[in-house]
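Thanks, everyone, for making the time this morning. I would like to walk through one structure with you, going from the overall layout down to a few individual residues.

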Amino acid sequence: MTDTQVAILGGGLAGLNAARLLHRAGVEFQLFEARDRLGGRILTVDATGGPADDGFDLGPSWFWPLMQPAIGKLVEELGLPVFAQSSDGDVVFERMSREPAQRYPGLRQEPQSMRLAGGSGALIRAMAGTVPKERLCLGSRVTSLSLHDDRVQLTIRRLDGGEHRVNADQVVAALPPRILAETMALSPGLPPETSALWRETPTWMAPHAKFFALYDRPFWRDAGYSGTAQSMVGPMPEIHDATTASGEAALFGFLGVSAAERRRLGEAALAEACVAQLVRIFGAEAAAPHATLYKDWAADPYTAAASDLNASGHPEFAASWVEGPWADWLLLAGSETSPSEAGYLAGAVEASAKAVAEVKRRLRTEETLR
Ligand SMILES: Cc1cc2nc3c(=O)[nH]c(=O)nc-3n(C[C@H](O)[C@H](O)[C@H](O)COP(=O)(O)OP(=O)(O)OC[C@H]3O[C@@H](n4cnc5c(N)ncnc54)[C@H](O)[C@@H]3O)c2cc1C
């Protein structure tokens, strides 16, 4: 059995921000991440689909520093280069299958959506670099939390199937409340209202899937297209230019097909339909991508809970996320629990900073009482 002052559950943006802030404050912590990689919903891959230092964002790709200063400030502090989403040129609207797509001059987006050079994964790499590597435990799924003598005992299952236990003074759960409610055993149990709040909070974007077509060059720009398209025909209702800062050309779209239907159709059929749509909109050159990428977040058990598959929507504000016997030991810090930017990258930064401020206050109070 090992001991730590603070156990952080989850190595997405919120968990890593909590780690960074605790480390800066000189508080001892261990972070436990179920997957064998950091980043959570942030996932940047290369043309083969493997995690990459420069590539395509299968999860979030945009942030809005003017509207969401929390993420803008963090990106600036970490010194990460950014660039604006490419949107110069015409946009296309597909209204129905029996009429050709219509083309309109695009409007300049205000405020502009910004992207990170190298992809959103650059943020995760930079954050991970601010804390000692040995504090980040990958392939370590927390399966239960139990309260004993004013400390929390965590059970951790490793990828090799082995289990071990860790004691912590405080726990920061930096993951979607629904995942917490549906996959973790808490002893003593939660009051019914807290349990219901966690279960009813949708995980932002969990029911969605993204498709990418990678090309040798951004041919649509030559023809005056921005790469932006909207469609009521599908399968992608929304399409954008996904060309990287280093010039790797790509288009991406969100799938407008339900999670159940996507599972039934399978990736190959969906990819074929997506490429056919790109040909309808951008012409014959779109027919031969040198690679395609597909990520269905609804099929990823560390992001989507069973109840996320049908229900979408933004998480709602809650004044208190933990009531009852856990109120003094457990803090929720995932993006969904942010008071002002719930679901967004900015929300993950805000919610985790708020949780760390409270942990520091609690630990100081304990010191004073001793
Ligand atoms: C397709 C898509 C597009 C998006 N686009 C945007 C965008 O353009 N702009 C924007 O601002 N936001 C966007 N988002 C939302 C953004 O990705 C999230 O707000 C943010 O990444 C959430 O970070 P988080 O750390 O709170 O949660 P997560 O990234 O979900 O991290 C939680 C972590 O906890 C881990 N975990 C789960 N269970 C356990 C367990 N039992 N034990 C240990 N670890 C566990 C998970 O593996 C995961 O790593 C998008 C999301 C998706 C899926």
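Since I will be placing residues in loops between numbered elements, let me say that helices, with at least four residues, and strands, with at least two, are DSSP runs numbered from the N terminus. With that convention, Pro 188 sits in the loop between strand S13 (185–187) and helix H5 (192–200), and I will come back to that proline later. Please keep in mind throughout that this is a predicted model.

Let me begin with the whole chain. There are nine helices and 19 strands in the chain. The radius of gyration is 22 Å, close to the 21 Å that the globule rule gives for 370 residues, so the chain is as compact as a globular protein of that length. Taken along the principal axes, the C-alpha atoms fill a box of roughly 70 × 40 × 40 Å. Buried residues account for 43% of the 370 residues, and, among contacts with a separation of 6 or more, 69% are made by residues 24 or more positions apart.

The chain is divided into two domains, and neither of them is given as one continuous stretch: domain 1 is assigned 2–42 + 123–204 + 313–369, while domain 2 is assigned 82–117 + 207–299. Their C-alpha centres lie 35 Å apart.

That division leads to the ligand. Where does the ligand lie with respect to domain 1 and domain 2? Both domains give residues to the shell around the ligand, so it lies between them. There are 41 residues around the ligand, and those that come nearest are Gly 10, Gly 12, Gly 40, Pro 60 and Met 205. By type, the shell divides into 22 nonpolar, 14 polar and five charged residues. Among the elements, helix H1 (13–24), strand S10 (140–148), helix H4 (177–183) and helix H9 (345–369) each supply at least two residues of that shell.

Strand S10, which I just mentioned as a contributor to the shell, also takes us into a run of paired strands. S10 and S11 pair in the antiparallel sense over eight bridges, with Leu 145 having Leu 154 in S11 as its bridge partner. The two strands form a hairpin with two residues between them, and Asp 149 in that turn has a positive phi of about 45 degrees. Asp 150 also lies in the loop between S10 and S11, and its phi is near 65 degrees, again a positive value in a residue other than glycine. Is Asp 150 buried or exposed? With 9 other C-beta atoms within 10 Å, Asp 150 is exposed.

Moving along the chain, S11 (residues 151–158) pairs with S12 (residues 163–173), in the antiparallel sense and over six bridges. Two of the positions that register these strands are Val 152, which stands opposite Ala 168 in S12, and Thr 155, whose bridge partner in S12 is Arg 165. This pair too forms a hairpin, now with four residues between the strands, and Gly 161 in the turn has a positive phi of about 95 degrees. S12 then pairs with strand S19 (residues 330–332), but in the parallel sense and over three bridges, where Val 171 has Leu 330 as its bridge partner.

I would like to finish with some backbone geometry that deserves a careful look. As a reminder, most residues other than glycine have a negative phi, and most peptide bonds are trans. Met 205, however, has a positive phi of about 75 degrees although it is not a glycine. Met 205 is placed in the loop between H5 and strand S14 (209–215), and it is buried, with 21 other C-beta atoms within 10 Å. Met 205 is also one of the residues that come nearest to the ligand.

As for the peptide bonds, Ser 187 and Pro 188 are joined by a cis bond with omega about 0 degrees, and this is the proline I placed between S13 and H5 at the start. A cis bond likewise joins Gly 234 and Pro 235, with omega about 10 degrees, and Pro 235 belongs to the loop between strand S15 (225–231) and strand S16 (238–241).

Technical notes: Residues numbered from 1 in each chain as written. Predicted model: local features only at pLDDT ≥ 70, side-chain atom pairs only at ≥ 80, totals over all residues. Domains from an automatic or database assignment. Rg over C-alpha atoms; globule rule 2.2 N^0.38 Å. Buried ≥ 20, exposed ≤ 12 C-beta atoms within 10 Å, placed from the backbone. Contact = placed C-beta atoms within 7 Å. Pairing = 2+ DSSP bridges. Near = placed C-beta within 6 Å. Nonpolar A, V, L, I, M, F, W, Y, C, P; charged D, E, K, R; others polar.
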